[in-house]
Amino acid sequence: MLAHCQSLLDSHQRASQTESLPFFSSSDKAKANGWSAGKGWGVFVAALLLALVFYLRQPPSTSDLEGYFSDWLSAETGGFRKHHVGAPVWALWEQLISDPEYTVRKRLLLHSFEQLKPKRVLEFGGRTGGTLAQAAFDDPKVNGTLHHWVHATSSAISLEYANMLFRNEDLMANPKIDLDEALSKLPEGWAAESPLNSMSPPARPTRALQAVDLDISDLRSWIGFLDLSKFDLLVAPSMEDFRNTMAILLGMPRSTRIVFCVTGGNGPGPFSDEATLRDYLKFFLRIEHVMQAVHAGHSTFLVQGLIGSS
């Protein structure tokens, strides 16, 4: 019994000595507790941000993708022809891959997509035949957030190629395949559709692809019928194709973001330098960014901005 009491006394003395040690003062304990609490909040916030990023990067459901096909279209839309007859074999792919101008524009646009990370894109103007969408979905820096692409064109040739691409997962996944040859092997009776709605990959869709016969320069065919505000980004690879650029931009919803390319310098475009370009656009575009690429003796401008006057 005496030995047990002596043991308890020794334990109490050791505890008292420990509590009196300078590095275990009450103020230091409070600081330690505060640091622990702050660290706990930091971990919580970091975990919350990671969960948010994970949520935002989740692919949309099949029902979401199906909704993309129609939520930007009015029930009264009559501007799309339902079908095109099958076209003869064109050589659009050969023209595109051998055109240094298109190569430069595609590179500029992909760089812009990497920075903006759009979810839904409407492409109009330029006969890309769906190859710009193909390049975007093939780019690992872009395709993680991109889920909806609309190729709107008034070119029967471009619509044919976009139809073929958007219906064929193998073609979409391999930009090196000769699309001219692929088009020549299509079965007799094959025809492009407008609008074409396609989801891929078939087993577990993560993206919605559309090809529509739409002349964006014909304002009567889409103003009041199309809700372009549904798109994160409007894209025009060749804005100089349109004579009524000002009217087109004024007809689009304010604050909608647009990225387009136009020829400058010694090319056929009206913009000799960036200052001239900015001066022309300031009345209907709040310019965010201008990039210039010089090649083959002339320059190409990429313009990014929000619809509306500066």
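In this predicted model, phenylalanine 113 and tryptophan 149 are both buried. Their rings form an edge-to-face aromatic pair, with 5.9 Å from centre to centre and 80° between the planes. Phenylalanine 113 belongs to helix 5 (residues 100-116) and tryptophan 149 to strand 2 (residues 148-153), so the contact links distant parts of the chain, 36 residues apart.

## Aromatic contacts

The model contains 4 aromatic pairs. Another of them joins tryptophan 72 and phenylalanine 231; the pair counts as edge-to-face because the planes stand at 70°, with the ring centres 5.3 Å apart. Tryptophan 72 is in the loop between helix 3 (62-70) and helix 4 (92-97), while phenylalanine 231 is in the loop between strand 4 (207-213) and strand 5 (233-236), so this pair ties together parts that are 159 residues apart in sequence. Tryptophan 72 has a relative accessibility of 0% and therefore counts as buried. Phenylalanine 231 has a relative accessible area of 4%, so this residue is buried too.

Phenylalanine 231 has a further neighbour: arginine 120 lies over the face of its ring, at 5.5 Å from the ring centre. A similar arrangement involves arginine 207, whose charged end sits over the ring of phenylalanine 137, 4.7 Å from the centre.

## Strands 2, 3 and 4

Arginine 207 is also one of the residues of strand 4 that are buried. Of the 7 residues in strand 4, 7 are buried. In a regular strand, side chains alternate between the two faces of the sheet. Strand 4 is covered on both faces: Arg207, Leu209, Ala211 and Asp213 are buried on one side, and Ala208, Gln210 and Val212 are buried on the other.

Strand 4 pairs with strand 2 in the parallel sense, over 6 bridges. In this pairing tryptophan 149, the ring partner of phenylalanine 113, stands opposite leucine 209. Strand 4 also pairs with strand 3, here in the antiparallel sense and over 5 bridges. Serine 198 stands opposite leucine 209 as well. Strands 3 and 4 form a hairpin, with 6 residues between them.

## Strands 1, 5 and 6

Which residues of strand 5 are buried on its two sides? Leu233 and Val235 are buried on one side, and Leu234 and Ala236 on the other, leaving both faces of the strand covered.

Strand 5 runs parallel to strand 1 (residues 120-124), and 3 bridges join the two. Leucine 122 has leucine 234 in strand 5 as its bridge partner. Strand 5 also pairs with strand 6 (residues 257-264), in the parallel sense and over 3 bridges. There alanine 236 stands opposite phenylalanine 260 of strand 6. Between strand 5 and strand 6 the chain passes through helix 10 (residues 245-251), and this β-α-β crossover is right-handed.

## Salt bridges

Side chains of opposite charge can pair when their charged atoms come close. The structure holds 10 salt bridges, including those in the table.

| Basic residue | Acidic residue | Closest N to O distance |
|---|---|---|
| Arginine 167 | Glutamate 193 | 3.8 Å |
| Lysine 185 | Glutamate 181 | 3.0 Å |
| Arginine 278 | Glutamate 274 | 2.9 Å |

The salt bridge between glutamate 193 and arginine 167 links distant parts of the chain, 26 residues apart. Glutamate 193 is in the loop between helix 9 (179-184) and strand 3 (196-200), and arginine 167 is in helix 7 (residues 156-167). Glutamate 193 is partly exposed, at 31% relative accessibility, and arginine 167 is partly exposed with a relative accessible area of 34%.

Arginine 278 and glutamate 274 both lie in helix 11 (residues 274-281); they are 4 residues apart, about one turn of the helix. Arginine 278 is partly exposed at 33%, and glutamate 274 is partly exposed at 28%.

Is lysine 185 buried or exposed? With a relative accessible area of 61%, lysine 185 is over the 50% cut-off and is therefore exposed. Its partner glutamate 181, at 40%, counts as partly exposed.

Salt bridges also connect Glu101, Arg105 and Glu240 in a network.

Technical notes
Residues numbered from 1 in each chain as written. Heavy atoms only, no water. Phe/Tyr/Trp six-rings, centres within 6.5 Å; stacked < 30°, edge-to-face > 60°. Buried < 20%, exposed > 50% of the residue type's maximum accessible area, 1.4 Å probe, protein only. Lys NZ or Arg CZ within 6 Å of the ring centre and 35° of its normal. Salt bridge = Lys/Arg side-chain N within 4 Å of Asp/Glu carboxyl O. Pairing = 2+ DSSP bridges. Right-handed = clockwise from strand over helix to strand, strands pointing away.
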